[in-house]
Structure formats: C-alpha cells, structure tokens
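Subject: A structure for you to look at

Hi,

Here is the structure I promised to pass on. Please open it alongside this message, and then read on for my notes.

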Amino acid sequence: PRLQALGHEVAILAYCGISNGMMMYNNMLIYPPRADLYGNDIVLDHYRHFNADLLISFADIWVNQPIADMPLRWLPYIPVDCEPVPPGIWQPASRAWRVLVYSKFAYEQLKPYCKNIDYIPIGVDTKIYKPLDKSEGRKMIGFSDDDFLIGMVAMNKGFRKNFDKAFLAVRNLYEKHRNVRFYMHTQTTTEFGGFDLRALAAQVG
C-alpha cells in the first residue's frame, strides 16, 4: 500500500496463500504460484503479463536463485545469517540489478560481491512491534515464569525445517526436565506440503 501511495502500480506473486487463479486485493493484482515452492517457475511469466519494470523479492535469496538468470530487473531485499556468506547467497546477489539488505551485518558480508547494494532497515510500526515484559508475554500465551520455554517460528512447508528432529529433541529434553514447554508459531496441517504436526506430536509422545 505504501508503494501504491507513492504512485506505483503494484502486483504481488503470492507463492503461499492462494492457488489456481489471480485475484484483486486492495487494487493490487495477486498472482498465484505454479509448481515451484517459491514461484520461480512462473515469476517471469507474471512479470511479463503485468508489464513490470521491477521485481522486488523479499525472502532468503537462495530460494530465488533462478531469478538471477532471468531477463528482468531484480531487486532482492534479503537477510544474511551466516559468516562467511555462502555461494548460494552471494552468487545470485552479485547478478541482481541492485540489492537491498536490512542489517549492517548483511551489508558488510555482501559488499565485496555486489556493485549496487543499499542498507535499509525493515520499516515496522514500533507502537505494535516492540519488546514487552517477558512475564506478561508468557501469560498472554499460556505459560508461567517457571516454564523452560523453547520457541520455534517456522513455515510448515516441505521438510526443510526438520520438525521431526525438533520434536524428538524436545521430547528427550522433557524426559529429563518436566518444566520444558515447546511453543511453535506455524501451520499444524499439511496444506502447504509439510507435516501433520498434531499427529507427529502424538507419535513422538
């Protein structure tokens, strides 16, 4: 919406959340994915259909590596979470039209590989997204201060997040320390090609 407010025409490739057809949302054309988990097999067709002059991706760049070889103007807005930066990150970044990063660490890691790179922190509403008192936060989601809380934020899509290993690790820890609690922020169902997490939790005890 903020890009629209600046006078730009905006469309979105929603590689998660819709399927089988286009839709309109807030005067934006929303394109569906095809077969690839991250839309790489259809993004160029959507780009051409919309007659776009810029593709902005907002994800780990390694999931969009094929875009680096497509005939389009690509602006990936990306994180870097490792040192040294691996080829799966710096190689596609080095071939992008321009690169945006939202941490100074990412900027320093990618600067040797990218001619055009800019650091722009993620814009968030700090009236909403701000640190809270941990004790109050625990109460809000049903945990006590005595709980040893393990958190996991991970999309249940495919098998890359190792939910089975995480469940087994938490179960093994719980057998030794009964105050262990596991809080997950994810989909529990298989609708995105992941695990049935409720069944998995029951299976591992």
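Below are notes on the pocket, the sheet and a few backbone details.

Before anything else, please keep in mind that this is a predicted model.

The pocket

I started with the largest pocket, which has a volume of about 1600 Å³. Its lining comprises 42 residues. If you want to centre your view on this pocket, go to L3, V10, A11, I12 and I56, the lining residues that lie nearest its centre. Several elements supply at least two lining residues each: the helices α1 (2–5) and α2 (43–49), together with the strands β1 (11–13), β3 (28–31) and β4 (55–57). What is the make-up of the lining by class? Nonpolar residues account for 29 of the lining positions, while 9 are polar and 4 are charged.

The sheet

Strand β4, which contributes to that lining, also belongs to an open sheet of 4 strands. The order across the sheet is β4-β5-β6-β7, and the pairing is parallel. Which strands stand at the edges? They are β4 and β7 (117–119); each has a single partner strand, so one side of each has no neighbour in the sheet. From one strand to the next, the twist averages 20°.

Within this sheet, have a look at β5 (residues 74–78) and β6 (residues 99–101), which pair in the parallel sense over 2 bridges. To find a bridge between them, select I78, whose partner in β6 is V101.

Backbone details

Further along the chain is a cis peptide bond, joining E83 and P84, with omega at about 5°. P84 is in the loop that runs between β5 and α3 (87–95).

The other spot to visit is the loop between β2 (23–25) and β3, where N26 is placed. N26 is not a glycine, yet its phi is positive, at about 50°. N27 sits in the loop between β2 and β3 as well, and N27 also has a positive phi, near 60°, in a residue other than glycine. Are these two asparagines buried or exposed? N26 is partly exposed, with a relative accessible area of 46%. N27 has 70% relative accessibility, and a residue over 50% is classed as exposed, so N27 counts as exposed.

Enjoy exploring, and do write back with any thoughts.

Best wishes

How values were computed:
Residues are numbered from 1 along each chain as its sequence is written. This is a predicted model: local features need pLDDT of at least 70, side-chain atom pairs count only at pLDDT 80 or more; totals for chains, interfaces and linings use all residues. Side-chain values use heavy atoms; hydrogens and water are left out. On a 1 Å grid over the protein atoms alone, a cavity is a set of points where a 1.4 Å probe fits but cannot get out, and a pocket is an open set with protein on both sides within 12 Å along at least five of seven lines; lining residues have an atom within 4 Å of a point. Grid points are joined across faces, edges and corners, and a volume is the space filled by probe spheres set on the points. Ala, Val, Leu, Ile, Met, Phe, Trp, Tyr, Cys and Pro count as nonpolar, Asp, Glu, Lys and Arg as charged, and the others, Gly among them, as polar. Two strands pair if DSSP finds at least two bridges between them. Axes are lines fitted to C-alpha atoms, for helices over the stretch in contact, and angles run from 0 to 180 degrees between N-to-C directions. Buried means under 20% relative accessible area, exposed over 50%, partly exposed in between (1.4 Å probe, protein chains only).
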